[in-house]
Amino acid sequence: MFLRIDHIGVACRDLEEKIRLFSDTFDLTVVAREVNEEQGVKEAMLHISDGEGGGSYIQLLEPLSEDSPVGKFLAKRGEGVHHVAFGVRDVADAMGKISERGVRLLDERPRHGSMDSRIAFLHPKDVGGMLTELVQAARR
Ligand code: CMX
Ligand code: CO
């Protein structure tokens, strides 16, 4: 079902500071920056490599408000890995299969993600405590 790891999402208090840290430490380049109001984040994608169906990235996330998913996470757990995102060929198809296997979906239908991808989240309590995102990358 999974093509590759699309990205690791990292919760940050200060996006610009963490962009400098990750790009300087690992020689990574920012390939996209956006504000996603629906997800409550200001974010940057740092490119690692290209693979089947899309690339692999580190996604740095700063919350737009304290009551957003990343805002709550920072208050509860502090900075660090927030979620793991897997690349799939067809996000709606993957959502259907995973839901039939008893895992709760946090999204009823795919939403807009970074770089025009289509995304959906799975409940962390049903995936061993790991907040999991499915990503169908935009066609290039
Ligand atoms: N990883 C693992 N577990 C997590 C978690 C995370 N990132 N966030 C919350 N949890 C756990 C909590 O610790 C809590 O467990 P306990 O009951 O044992 O304490 C449980 O899940 C419920 O958490 P909560 O704080 O009561 O509930 P929230 O209102 O914070 O909701 C969640 C949690 C996962 C449902 C919500 O964050 C969500 O819908 N996330 C999906 C959307 C998202 O994260 N968007 C930002 C990223 C956007 C992007 O990648 O593009
Ligand atoms: Co993500």
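## A guided tour from the core outwards

Begin by selecting V91, A94, M95, A120, L134 and V135, the residues with the most contacts inside the largest nonpolar core, which has 13 residues. The model in the viewer is a predicted one. Next, colour α3, β7 (118-122) and β8 (132-136), since each of these elements supplies at least two residues of this core. In soluble globular proteins, nonpolar side chains tend to be buried together.

Keep V91 selected and display its surroundings. Leaving aside residues up to four places away in sequence, V91 touches P110, R118, I119, A120, L134 and Q136. Then select A44, M45, L61 and L74, which are among the 12 residues of another core, lying apart from the one around V91.

**The whole chain**

Now zoom out and show the protein as a cartoon. Three helices and eight strands are present, and when read along the sequence they follow the pattern β-α-β-β-β-α-β-α-β-β-β. The protein is as compact as a globular protein of its length, because its radius of gyration of 14 Å is close to the 14 Å that the globule rule gives for 140 residues. Rotating the view shows the extent of the C-alpha trace, which spans about 40 × 35 × 25 Å along its principal axes. Colouring by burial would mark 31% of the 140 residues as buried. Among contacts between residues at least 6 apart in sequence, 57% join residues at least 24 apart.

**The ligand**

Select ligand 1 and the residues around it. Which residues come nearest? Of the 21 residues around ligand 1, these are Q39, P69, F121, P124 and L131. The elements giving two or more residues to this shell are β4 (54-63), α2 (69-77) and β5. Highlight α2 in particular, as the largest share of the shell, four residues, comes from this helix. Colouring the shell by class gives nine nonpolar, nine polar and three charged residues.

**A loop position**

Finish at D90, in the loop between β5 (80-87) and α3 (91-100). Is D90 buried or exposed? D90 counts as partly exposed, because 14 C-beta neighbours lie inside 10 Å, a number between the limit of 12 or fewer for exposed residues and that of 20 or more for buried ones. For a last view, draw a distance between the C-alpha atoms of D90 and R118: the two residues are 28 apart along the chain, and these atoms are separated by 9.0 Å. R118 has already appeared on this tour, among the residues that V91 touches.

How values were computed: Residues are numbered from 1 along each chain as its sequence is written. Chains are lettered from A and ligands numbered from 1 in the order in which they are written. This is a predicted model: local features need pLDDT of at least 70, side-chain atom pairs count only at pLDDT 80 or more; totals for chains, interfaces and linings use all residues. The radius of gyration is taken over C-alpha atoms; the globule rule is 2.2 Å times the number of residues to the power 0.38. Two residues are in contact if their C-beta atoms, placed from the backbone, lie within 7 Å. A residue is near a molecule or strand if its C-beta atom, placed from the backbone, lies within 6 Å of it. Ala, Val, Leu, Ile, Met, Phe, Trp, Tyr, Cys and Pro count as nonpolar, Asp, Glu, Lys and Arg as charged, and the others, Gly among them, as polar. A nonpolar core is a set of buried Ala, Val, Leu, Ile, Met, Phe, Trp, Tyr and Cys residues joined through C-beta atoms within 7 Å.
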